[in-house]
Amino acid sequence: MRKKLALALTGVAAIFALSACGGSDAPAADASAQPLDPANPVVLKVGASPVPQAQILTYIDENLAKDAGIDLDVVEIDDYVTPNTSLADKSLDANYFQTEKYLATEVAEKGYKFAHGAGIHVEPMTVFSKKFDKAADVTDGATVVLNNDPVNQLRGMRVLESAGLLAGLEDTDSVLTVQDDKAKNPKGLELKDVNAEQVPQYYTKDNSIDIAVINGNFIVQAKLNKDEILAQESGENNPNANFLTWREGEETPAIAKLEELLHSDEVRTYIKDTWTDGSVIPAF
């Protein structure tokens, strides 16, 4: 069984910037429109965040794909930009990393013609702190670092709101409308935003950071201490499930089969048994 992993990191001009490194320049092989044949599997090149998406895909590749007539070429991507640009330029056949709100923003801004499947899993947004044991202990002016993409930034601020650290976010769309608003930010928190993959790095390496709001996949990847959790997004009826995305009009039999396997009982059990801490939960 073939398992190929590549790494793509986005360049960011920041303290803990990651170096730019694109995926393979070779175009993804065209997925066959013929019936799937386990004796001659169709290769699907799928871009995914390393944790948990690439892990879930690797589980499928090693346990379910061969009998289904597909062979997954899993490309690990650490940023939230490359998966969609690579899908659009046909370097990938599909990607697995995003939520419906994030995709809608990308489509509106960049004009992508994409389609997607049903939710597979949720990575609850989580608030961490080494300095405070509970949300009620947070002092005025504490420094908070959170995600800079608009969808996940607002999602993170709503978790802070649920913990009583922010308020009245109904008409809020970014930290810019919260920072100096005493009603929304009663503790005068110093809100800083960076790329999602950098948040755990700031949290673990920068002593000036009091609180960090971190995406679930990066929590697992950074091996953060669960005892430092101040608040966590509920998984119940959560609209932020991740799903498989492909180019509009190109749902081949191979992509349809992968979509089916991603919602199988085997994958559901794998997710529940692998992330027993609740950092990743099934969405089906």
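## A first look at this fold

Of the 284 residues in the protein chain, 54% are buried. The structure you are viewing is a predicted model. The chain has 9 helices and 13 strands. Among contacts between residues at least 6 apart in sequence, 75% join residues at least 24 apart. Let's start on the inside, then visit helix α1 and its partners, and finish with some backbone details.

**The nonpolar cores**

- The largest nonpolar core has 31 residues, and the members that touch the most others are I56, L57, I60, L244, L258 and L262.
- Which elements each supply at least two residues of this core? They are the strands β2 (42-48), β3 (70-77), β4 (94-98) and β12 (243-247), together with the helices α1 (50-63), α2 (65-68), α8 (253-262) and α9 (265-274).
- Helix α1 gives the largest share of this core, 6 residues.
- Apart from this core lies another one, made of 22 residues, including A142, M157, L166 and A231.
- To see how one core member is surrounded, find L258: leaving aside neighbours within four places in sequence, L258 is in contact with L44, V46, L57, I60, I70, L72 and L244.

**Helix α1 against helix α9**

- The axes of α1 and α9 come within 11 Å and cross at roughly 135°.
- These two helices are therefore oblique to each other.
- The crossing in which α1 passes α9 is right-handed.
- On the α1 side, the contact is made by Q55, I56, Y59 and I60, while α9 brings E266, V267, Y270 and I271.
- By class, the residues of this contact of α1 with α9 are 6 nonpolar, 1 polar and 1 charged.

**Helix α1 against helix α8**

- The axes of α1 and α8 also come within 11 Å, and they cross at roughly 105°.
- How are α1 and α8 placed relative to each other? They are roughly perpendicular, because their crossing angle of roughly 105° falls in the range of 65 to 115 degrees that counts as such.
- Here α1 makes the contact through I56, L57 and I60, and α8 does so through L258, L261 and L262.
- The contact of α1 with α8 has 6 nonpolar residues, with no polar and no charged ones.
- You may recognise some of these names: I56, L57, I60, L258 and L262 are among the residues that touch the most other members of the largest core.

**Backbone details to look for**

- A cis peptide bond joins V51 and P52, with omega about 0°.
- Where is P52 found? P52 is in helix α1.
- K90 has a phi near 70°, which is a positive value in a residue other than glycine.
- You can find K90 in the loop between α3 (82-88) and β4.
- The relative accessible area of K90 is 47%, so K90 is partly exposed.
- K223 is a residue other than glycine with a positive phi, near 55°.
- The place to look for K223 is the loop between α7 (216-222) and β11 (229-232).
- Is K223 buried or exposed? K223 has a relative accessible area of 74%, so K223 is exposed.

Conventions:
Residues are numbered from 1 along each chain as its sequence is written. This is a predicted model: local features need pLDDT of at least 70, side-chain atom pairs count only at pLDDT 80 or more; totals for chains, interfaces and linings use all residues. Side-chain values use heavy atoms; hydrogens and water are left out. A nonpolar core is a set of buried Ala, Val, Leu, Ile, Met, Phe, Trp, Tyr and Cys residues joined through side-chain atoms within 4.5 Å. Buried means under 20% relative accessible area, exposed over 50%, partly exposed in between (1.4 Å probe, protein chains only). Helices (H or I, at least four residues) and strands (E, at least two) are DSSP runs, numbered from the N terminus. Contact means heavy atoms within 4.5 Å. Axes are lines fitted to C-alpha atoms, for helices over the stretch in contact, and angles run from 0 to 180 degrees between N-to-C directions. Angles under 35 degrees count as roughly parallel, over 145 as roughly antiparallel, 65 to 115 as roughly perpendicular and the rest as oblique. A crossing is left-handed if the near helix is turned anticlockwise from the far one by less than a right angle, and right-handed if clockwise. Ala, Val, Leu, Ile, Met, Phe, Trp, Tyr, Cys and Pro count as nonpolar, Asp, Glu, Lys and Arg as charged, and the others, Gly among them, as polar.
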